[in-house]
Amino acid sequence: MPLFKQPISRLRRRPAKYFPELPSSDVAKPMSDELDRLVSTVRESIPRKLFIAELLPFLALYRRYRSELSEGPALDWQQVKPLEGSQMIPYDRLSQKPESPTPTPLDKLAVLKVNGGLGTSMGMNGAKSALEVQNKLTFLDLVVQQIEHLNATYHTEVPLILMTSFNTEDDTLRIVKKYANRKVKITTFNQSRYPRILKETLLPFAKSVLEGKSAWYPPGHGDLYNSLHRSGVLDNLLAQGKEYLFVSNSDNLGAVVDPVILHHMMDTKSEFVMEVTEKTKVDTKGGILINYDGNIRLLETTQIPEEHAEEFNQSRSFRMFNTNNLWINLKALKRLLEAGDMTLDIICSSKSLDDGRCVLQLETAAGSAIRHFQNAHGVLVPRARFLPVKDCSDLLLVQSDVFSLQHGRLIMNESRMFGTPPVIKLGGHFRRIQQFQKRFKQIPHLVELDHLTVAGDVYFGRDVTLRGTSLQMKASV
């Protein structure tokens, strides 16, 4: 049955009000009018009610953003303190419980992978999770293997949920289709689609909802809460008896389910646990958990006042950063969403279009939800649980013999003398995935490598071994 009884052209001439009527003095009034215009361009292939449900949180986010522009973020720097006592617990202090009898707590767990990223930092146009890691297996293949092994080991049925975006949905469905007859249950849902806004006007430049990637964007991992609820997946999980959700990024190959952390969460009756790990010399990003006026809170680097940035970054009291491995109580999440009081910190990022125009993307941080949950805290985990692939330097590392595959998990080579992976810095000639692949006839042996910097247009042949504590390369090998 057609979604509209009238032609689209007539709807444009006489648009309905899909969003609250706002007074002209409201800073969000122009945006509300623009969103009304965009909704009137919806075709039958996109359910109008769902599209409106996506844009309502965007309108609220936009109003908060405009308010912070004029008033500044509500952050009193004098209240920022290091964490205290039970706000941060080292992993080695968690109770190492033996195998639990059936029913295991894992029966109450679901796993969600944030899978909306394109891998633009690597010059990719498709889903980063579709990239091959080792043995012709993609990120998603490894995730499925991890869940299958977990379920077989503990005789349970932990489902896998993939939050895709309009950018990654096709690639994701193509990969998971081959797992249709496997035992692991895979559910996918799309996160929201928000309009990019011009920095000059602070209004969208999209002409319709079906425009390309330059006009629209998926609003980051903080959108998972609203999208999980709006899609009906949250209610379905609760109906299945699931009470806990383990969330991580699909490109973090160290983020596997750890029953020890789940046991700890249940024992402490915590509604939210964030895994953090210690910074190394290669870590420049990542939010920091702080004690803010006595309560735990996530502080993003963009929220640090410029005059305090150097002091904060050099402080040893703030060396643990968010891995975005999150453990969430689903009943508590449902309670907070229905109460409508789970605001998340705004992250505003700027992008340059091909035509030179500057656009803004309003996003939120999933970890900033920690302040809304009861008995929430951080767990300081080993670095092995944070192994992301953000660029081609990271890709070289995970494709090398520094790691081997075991049930979809990357395990550090036993022959490696160092306890941590090598630091790899590939130059500009390796930025795009096509450049990277062209310059390696075979991935070098890196087991004995500590630090590698490559500058210039370097090519690597076959059977190359790199070793040393400070290796700089400017010539092909």
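**Entry 1: the β22–β23 pairing**

I started at Val 454 and looked up its bridge partner in β23, which is Met 473. This is a predicted model, so I read every value here as computed from the prediction. Strand β22 covers residues 451-454, and 3 bridges join it to β23, with the two running parallel.

Next I asked which strands make up the sheet around this pair. I found 3 strands in an open sheet, ordered β21-β22-β23, and the pairing is parallel. β21 (423-426) and β23 (471-473) stand at the edges with a single partner strand each, so one side of each has no neighbour in the sheet. I also noted the turn between neighbouring strands of this sheet: 10° on average, direction ignored.

**Entry 2: the loop after β22**

I stayed in the area and followed the chain into the loop between β22 and β23, where Asp 463 has its place. Its phi is near 55°, a positive value in a residue other than glycine. Is Asp 463 buried or exposed? I have it down as exposed, at 61% relative accessibility.

**Entry 3: another positive phi**

I then turned to His 155, in the loop between α4 (139-154) and β6 (160-164). Here too I read a positive phi in a residue other than glycine, near 50°. His 155 is exposed, and I noted a relative accessible area of 65%.

**Entry 4: helix α10 and its two ends**

My next stop was α10, residues 330-339. Which of its residues are buried? I listed Leu 330, Ala 332, Leu 333, Lys 334, Leu 336 and Leu 337. I was glad to have the lysine on record, since Lys 334 counts as buried along with the leucines and the alanine. For the cover over these buried residues, I noted that it includes two helices, α6 (224-230) and α7 (233-239), and two strands, β11 (244-249) and β15 (320-329).

At the N-terminal end of α10 I found a cap: a side-chain oxygen of Asn 329 lies 3.0 Å from the backbone nitrogen of Lys 331. Just after the helix, Gly 340 takes a positive phi of about 70°.

**Entry 5: Asp 26**

Last, I went back towards the start of the chain, to the loop between α1 (8-13) and α2 (29-39), where Asp 26 sits. What does its side chain reach? I traced it to the backbone nitrogen of Ala 28, at 2.8 Å. Asp 26 has 17% relative accessibility and therefore counts as buried, the cut-off being under 20%.

Definitions and conventions
Residues are numbered from 1 along each chain as its sequence is written. This is a predicted model: local features need pLDDT of at least 70, side-chain atom pairs count only at pLDDT 80 or more; totals for chains, interfaces and linings use all residues. Side-chain values use heavy atoms; hydrogens and water are left out. Two strands pair if DSSP finds at least two bridges between them. Helices (H or I, at least four residues) and strands (E, at least two) are DSSP runs, numbered from the N terminus. Axes are lines fitted to C-alpha atoms, for helices over the stretch in contact, and angles run from 0 to 180 degrees between N-to-C directions. Buried means under 20% relative accessible area, exposed over 50%, partly exposed in between (1.4 Å probe, protein chains only). Contact means heavy atoms within 4.5 Å. A polar contact is a pair of N or O atoms within 3.5 Å; within protein, one must be able to donate a hydrogen and the other to accept it, and residues adjacent in sequence count only if both atoms are side-chain atoms.
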